[in-house]
Amino acid sequence: MSTFLELGLKEPINKALTDLGYEKPTVIQEKAIPQIISSTDDLKAFAQTGTGKTAAFSLPILELLDEKNGNVQAIILSPTRELAVQIGNNIKDFCKYLPSIKVTTVYGGSSMEDQIRSLKRGSQIVVGTPGRTVDLIKRRALKLGNVQWLVLDEADEMLNMGFKDELDKVLEATPETKQTLLFSATFPREVEAIARNYMTKPVEITSGEKNSGSENVNHEYYSVTERTRYPALKRIADLNPNIYAIIFCRTRRETQEVADNLIRDGYSADSLHGDLSQGQRDSVMGKFRKKTIKILVATDVAARGLDVTELTHVLNHKLPDQIENYTHRSGRTGRAGNKGVSIVLVNGKEKGKLRQIERIIKKKFIEGKVPSGKEIVQNQLMNLIDKVQNTEVNESEMQEFLPSIYEKLASLDREELIKKFVSLEFNTMLKYYENSKDLNDLGRETSRSRATDENMTRFFINIGRKDNLNPGKLIGLINEQNIGDKVEIGSIDILDTFSFFEIDKNFEEKTLTAFADNQPDFSGRSVNIEITKKERSGGGRRGGRKPFGKKDGGFGRRRSSEGSSRRSDGGGRRRTERSSDRPDRNSSGGERRSGGFGRKRKER
Ligand code: AMP
């Protein structure tokens, strides 16, 4: 293993790297730095985020560029604003002891005038997103005629994001003589086409095996159905009390839905996707970096610029459309020497994709079983005991309270005391998972048994037989509300003046909103619905579960059991009297909980 000096870098750069704590070069740096310093050949590098690729391309440029020349000598394109800013800041750190080198970062969503001013002052290195870079070229504020190095960072992502035209324009604005350095984690056809069309006999280097999954990442898959996908996700989160994860979704809508559900269910979660403003995205990413949020639900694109090295898990709520993107996703964990797990939730149809991914990552997926309630309770409990063990006691502050505490507890021996303290948490946990189902078996259930399962939300509706309602008409009425193409309707109970129906829990909020917005009529009556959690008219309890207290328990929940339904909007609507089937009022919105499950503390 060489040192940075041995790779050919000068002392001021080496000094800056020492300040940053970079002790020795990473694999990609060891290969790229001497190559770029010693040769003007184009370069194709297979490197994922987290391998140290930013330094791999920027250090040799810093070594070679002409400090006295104020023209733009290097243009670095990156797919997202966050990544561009990160690269720009990295380079500024690297040239801490090279004061004449100026770096400007240009990206959309920020003042063009400021960026133009900065360019006018003279920058040898420009880092930019493709769109803004092209805008600045068109305005003649960015002149690339003297460029010696063009870096395409995360080329696959730029093409995924539809920046092909912009790349072409930037490439055309740079001189033939430049050296092109293309860094990509994957090399689908489109990237190869760029390499073919715009590079001359590029030298290839790799940070490991091409497209290979990180050595530190284990890949697991869990079989789910559409009904068990979300509950399975929650159980995986629940099994890991110290989870710090990104949940990847395919679309913005899916992202928002999963995040909304997790927030509603008390998890410390938030969403990151393109429908959010830049300010909102910055705020969410900031909270996630500081671990105020433990679970980030994100689209592939939105998560690109996020530089976090300590993720415990990557969860694939659904696999990406382009399977190459799985490498990007799973590469977010297992960084900086940490171990990580990438979990994929797949239904029967999606399973086929796993084999294709295995070929790309050159690793096998291990089949996981969705954890049972008992396993989760055990894990949470052991985590609690670990916490107790590691809790520091503030003797001096506690001193004055201790005598009265000892006196109160004097009648209990050691074992009783332990049992009581542990029960504070344990009872709540047990209740929560009491009678929880084996989600691994749910796919095999009949439609009848399915209707009573924990993944359905039961609704009260204020019309019944006397209004000429029958199951067919009720299904028609539900469908007319446009709740969603795939919404599953469970059991239906038509009574004289009111009725009940069950809907896939994932559509709970949408169902409420759709009925509230549409305000449908049926047989001249205006229809309203509410969530209810009680048994069906047949008399049997649903799953035999009992609600646990309203008090915020140690487990941090305020709901009756896994999968029980709650409203988040507080309502504003009234329902008629029926004490035996009262809607679940345990569902006040905006509540934050404390305790296990990576959940938020209750705000007081
Ligand atoms: P990158 O792949 O460029 O996004 O880098 C991933 C992370 O590794 C960043 O936080 C870098 O600051 C860090 N890093 C890069 N190279 C080194 C090195 N040689 N030694 C220690 N940390 C590094």
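Which backbone atom of lysine 24 lies 2.9 Å from a nitrogen atom of the ligand, or more exactly, what kind of atom is it? It is a backbone N or O atom of lysine 24.

## Basis of the model

This is a predicted model, in which local features need pLDDT of at least 70, side-chain atom pairs count only at pLDDT 80 or more, and totals for chains, interfaces and linings use all residues. Residues are numbered from 1 along each chain as its sequence is written, and side-chain values use heavy atoms, with hydrogens and water left out.

## Ligand site

The ligand is surrounded by 13 residues, of which Tyr22, Gln29, Gly50, Gly52 and Thr54 come nearest (a residue is near a molecule if one of its heavy atoms lies within 4 Å of it). This shell divides into three nonpolar, seven polar and three charged residues. In this division Ala, Val, Leu, Ile, Met, Phe, Trp, Tyr, Cys and Pro count as nonpolar, Asp, Glu, Lys and Arg as charged, and the others, Gly among them, as polar.

Tyrosine 22 places a polar side-chain atom 2.5 Å from an oxygen atom of the ligand. Lysine 53 has a backbone N or O atom 3.3 Å from a ligand oxygen atom. On its own the ligand has 500 Å² of accessible area, and the protein covers 77% of that (areas come from the Shrake-Rupley method with a 1.4 Å probe; for residues, only the protein chains shown count as cover).

## Chain as a whole

The chain has 21 helices and 20 strands; helices (H or I, at least four residues) and strands (E, at least two) are DSSP runs, numbered from the N terminus. Of its 604 residues, 52% count as buried, where buried means under 20% relative accessible area, exposed over 50%, and partly exposed in between (1.4 Å probe, protein chains only).

About 27800 Å² of the chain is exposed, with carbon and sulfur atoms supplying 48% of it. Among contacts (heavy atoms within 4.5 Å) between residues at least 6 apart in sequence, 76% join residues at least 24 apart.

## Salt bridges

The structure holds 31 salt bridges, each defined as a side-chain nitrogen of Lys or Arg within 4 Å of a carboxyl oxygen of Asp or Glu. One network of them links Lys234, Arg264, Asp265, Lys505 and Glu508. Within this network, arginine 264 pairs with aspartate 265, the closest N and O atoms being 3.2 Å apart, and both residues are buried. Arginine 264 also meets glutamate 508 in a salt bridge at 3.7 Å, N to O. That pair links distant parts of the chain, with glutamate 508 in helix α21 (residues 508-518) and arginine 264 in helix α11 (residues 252-264), 244 residues apart. The relative accessibility of glutamate 508 is 0%, and that of arginine 264 is 11%.

Aspartate 496 and arginine 465 form another salt bridge, at 3.0 Å from N to O. Aspartate 496 lies in the loop between β16 (489-494) and β17 (499-504) and arginine 465 in the loop between β15 (456-461) and α20 (471-480), so this bridge ties together parts 31 residues apart in sequence. Both partners are partly exposed: aspartate 496 at 39% and arginine 465 at 46%.

## Glycine 145

Glycine 145 sits in the loop between α6 (130-138) and β5 (149-153) and is exposed, with a relative accessible area of 53%. Leaving aside residues up to four places away in sequence, glycine 145 touches Ala173 and Pro175. Asparagine 71 is 74 residues from glycine 145 in sequence and 8.9 Å away in space, C-alpha to C-alpha.

Key: Polar contact = N/O pair within 3.5 Å; in protein donor to acceptor, adjacent residues only side chain to side chain.
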